[in-house]
Amino acid sequence: MKISYRVLCTFLMFVCCATFAQHKNNITARLDGSAKVMSVQQEITYLNSSTDTLNHIILNDWNNAYSAKTTPLAKRFTDEFIKAFHLAKEEDRGHTDISLLKDQNNRMLEWHRPEGHPDLVYVQLKNPVYPGKSFSISINYNVKLPNERFTKFGFDDKTGNFNLRDWYLAPARYENGFVQYSNENLDDSALAPADYTFNLTFPPQYKVYSDLKKVIEIPFDNFNTIEFTGTNRPGFSLVLEEQDNMEVFKFPSATICSSMKDNRVSDIQRAVLVDKIAQFVANNLGKYPSESILVTQADYDRNPVYGLSQLPSFIRPFPDSFTYELRFLKTFLNAYLRGTLKLDPRKDNWVYDGLQMELITKYLQENHPTEKMMGNLGTWKLLKGHHIFNIGLNQQYNYFYLLMARKNLDQPIGNPQDTFIKFNEQIAGKYKAGLAFNYLDDYLGKDIVINSIKEFYSQNMASAGVNRNDFELALARNAKKDISWFFNAVIDTRDLIDYKIGNVEKTKDSLTVTLKNVTGTPVPVSLYGVKKGSNVFKMYVDGFKKDSTFTIARQDADRLILNRDEIMPEYNPRNNQKPLNNFFPNKRPYKFTFFQDIEDPAYNQVFYVPSFSYNLYDGLSPGIRFHNKSLLEKPFIFDINTLYSTNTGEATGSASLFFNQYIREGALYNIRYFLSGNTYHYAPDARYYKFTPSIQFRIRPDDFRKNEKQYLNIRQVMVRREKSDYVAQNTHADSYSIFNGRYSKVNSNISRHINFYTDVQVANSFGKLSGEWQFRRLFNDNRQVNLRLFAGMFMYNDTGSSDFFSFGLDRAADYSFDYNYYGRSETSGLFSQQFIMADGGFKSMLKNRFANQWMTTANASFNVWNWIELYGDAGLMKSKYNSTEFVYDSGVRLNLVTDYFELYFPLYSSNGFEPGQDNYGQKIRFVVTLSPGALIGLFTRKWL
């Protein structure tokens, strides 16, 4: 029996070793540092280990993704409002030029780039390759390397260094056909694991580092040559540094090359921390199969520790050594997993994320169990009462997941990585994956999850390729109970999880508890019995669809809490507590907190914050704002903003109530019910009161990454205006109510913006229809064109000679008080020159500025250099008792930040040559946005 077992093991080892060497990739490259070009001669030997007969092979050529503004990589940049690539100089972009491609018989092979995939190479073979057979191809090509400022990979023009990944040609992974993934800046190339031999010739001023094994380096006067090798590798990284910033830590398990220096942490401290992290990962995952691991600052910058990276540099919530430790741990784990696991990193990305975050959690539990999410900031007197500063570092996962789930923007983490919006891809999805692993670990106990991870890692090392099924089988085999819910509900769907405690019947010794499943997602839920803040028991209740009633020992508990440690990714933890000794069991006390806070399930939170507003008539208006909007979205929001008008000495402000109804399935994803009211001064001696009930329907496509939204708004605008001695009065304008319906559709990215709306307004004295179409296009030559068409007509108009409700040619009448005019009643002076694109959209102030029958206009502009543009407007307008009038204007637009900060200088219009006329300074128009909410939207749009 023993002999047979040994023979079997030997045979299996032989088979495994045979599978290791299925593909070979021999690369000989020469770097021209000044031209940023790598000249490559390469031989690829490919073993057909599939059951299919191959007639072609597909090679990844991800460097060629930088070659044009129309590649999938460029499109992802534009979708995420990243303008740098589109505006880059040609020498900063990369491309690949293939000069020769032949087979082992020296026959030239035909090749092309598949449609839609300019960063792949389709090679037609001369003869079919049957299962178990191999073939070789030789390729000569030049690689023009890109600037690293796009993806952190490429050349750094400031330091002269190179940080390279996925720059060479390599066979794509084969799974019932070659995987055709384009480079989308996700660091997830699906290469077939191969044995690498890499010879590099380079200028001698560079120091070279790789995660391949260094065999030999031969120095010469003008060029050095170095040879690297690697076995069964999913790819490799390469760093060349003119200014050598790399630290080398040599340990028995591996050599770690790191450019993650921190001068505030000593050399000895860094060495100790790196050694501790390396040992922890090796013990909990498995030995690293190669001799070297690259841990670069660029890799950290691509995926930093969320929270740390958002704080200003002068705020240091953690000790410097801990900050370095946490950053290095995250980056080291990423390099470790990416360099060893042979999963499909795009399709199975959740496994990488889950393993990384699970090991980070375990490391922090063992080494920093009391560390808080915000470090020592909670010791500041002003911040002590905030819940966010009392959350443990490992308790933050659910909050980051809920940031998206509460906005109905979460996505199944089991989906391919290229389908995620940016925040989910980089932050929320990673934390939910970690939360999911922590949840399963807590449910199973006995180190079942970590042992399954080790088993899966060992299997991965002994195989040419694994997939998520192998990991699922390892978990299921060790769990010894059904965990299908973990994959079906937590990984592969966006189903919400929410339990609450229903009726509880109490005796001195027992509790009969009814739990309710609010969302119907059947997953296990933890139930805690708590006495004076300490746990007296904890149990898991297996998942159920609706209600579950059971009896348990009371154990002197005075409170029941579901999911107390917030390990389960639960949508609404506010309904998880049930006091057992309280006459009002669901009553939560109110907690008033300065500024804002994370959601605290134990309290009804009210936030207060200083508030300021400004318009010409109220002046600078300080006040205080009360609201209940935490950092997580809530269904019901109130917001009361009380202000003091320094000019009038009176109170002004606004108040709003709205209820969000999120719909999880279908195109209609949100209905918002809204009540709002505000009062400000519209003239020095008069104020207005506005009250608006409304309902908004939001519609989106199935693909969350599309920047396309549709809105249907229905509202009733009720306004009462006080009489003013400064503004002409109109009997129809003192008090009025308008029904307003608007449908709008917007689709926007850096290179293309389309916005369309239709609007209907009905009141006692008038009815009007209008529509607008906007188009903005940034062309490949960096020229930008802006077009806008507006048309509006009155269905009926009984307002007499007043233009209060008329269409405005250069300035909307704004009787609905929708626009943020700082001096809305001004007809001269600086405040009358504020421009808001509405109605006619003209910039020149012409003799006839209003139309009370109909108006149609076209507005256009194009840039002549950078943010300097020329604009022109033309239109037709008609008022009662007047003939149709053709109007036009033109000028120069300084488009500093589109829609946020712009200046318009009129040149020629229906008024004539305007610079030659008197008071030209009063003709200049400006766009200035001071609203904090609008400005925040400018910087967050690329994430959502």
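**Salt bridges and a three-stranded sheet**

A salt bridge joins D873 to K843, with 3.1 Å between the closest N and O atoms. In this predicted model, the two residues come from distant parts of the chain: D873 belongs to strand 41 (residues 868-878), whereas K843 lies in the loop between strand 38 and strand 39, and the pair is 30 residues apart. D873 has a relative accessibility of 3% and therefore counts as buried. K843, also at 3% relative accessibility, counts as buried because the cut-off for that class is under 20%.

The loop between strand 38 and strand 39 also contributes D810, which forms a salt bridge with R925. The closest N and O atoms of D810 and R925 are 3.3 Å apart. R925 is located in strand 45 (residues 925-928), so the contact with D810 ties together parts of the chain that are 115 residues apart in sequence. Both D810 and R925 are buried.

A further acidic residue of this loop, D818, is paired with R715. Here the closest N and O atoms are 2.6 Å apart. D818 sits between strand 38 (807-808) and strand 39 (850-851), while R715 is part of strand 33 (residues 708-721); the two residues are 103 residues apart, and their salt bridge links distant parts of the chain. The burial of the two partners was assessed separately. R715 shows 18% relative accessibility and counts as buried. D818, at 38%, counts as partly exposed because its value falls between the 20% and 50% cut-offs.

In total, the structure holds 52 salt bridges. Shared partners among the salt bridges join R76, E80, E184, K422 and R705 into one network.

The sheet pairing was examined next. An open sheet is formed by three strands in the order 19-20-23, with antiparallel pairing. Strand 19 (499-506) and strand 23 (547-553) occupy the edges; each has a single partner strand, so one side of each lacks a neighbour in the sheet. On average, neighbouring strands of this sheet are turned by 25° against each other, direction ignored. The antiparallel pairing of strand 19 with strand 20 (residues 510-517) extends over six bridges. I501 has L515, in strand 20, as its bridge partner.

Terms used
Residues numbered from 1 in each chain as written. Predicted model: local features only at pLDDT ≥ 70, side-chain atom pairs only at ≥ 80, totals over all residues. Heavy atoms only, no water. Pairing = 2+ DSSP bridges. Helix = DSSP H or I, 4+ residues; strand = E, 2+ residues; numbered from the N terminus. Axes fitted to C-alpha atoms, helices over the stretch in contact; angles between N-to-C directions. Salt bridge = Lys/Arg side-chain N within 4 Å of Asp/Glu carboxyl O. Buried < 20%, exposed > 50% of the residue type's maximum accessible area, 1.4 Å probe, protein only.
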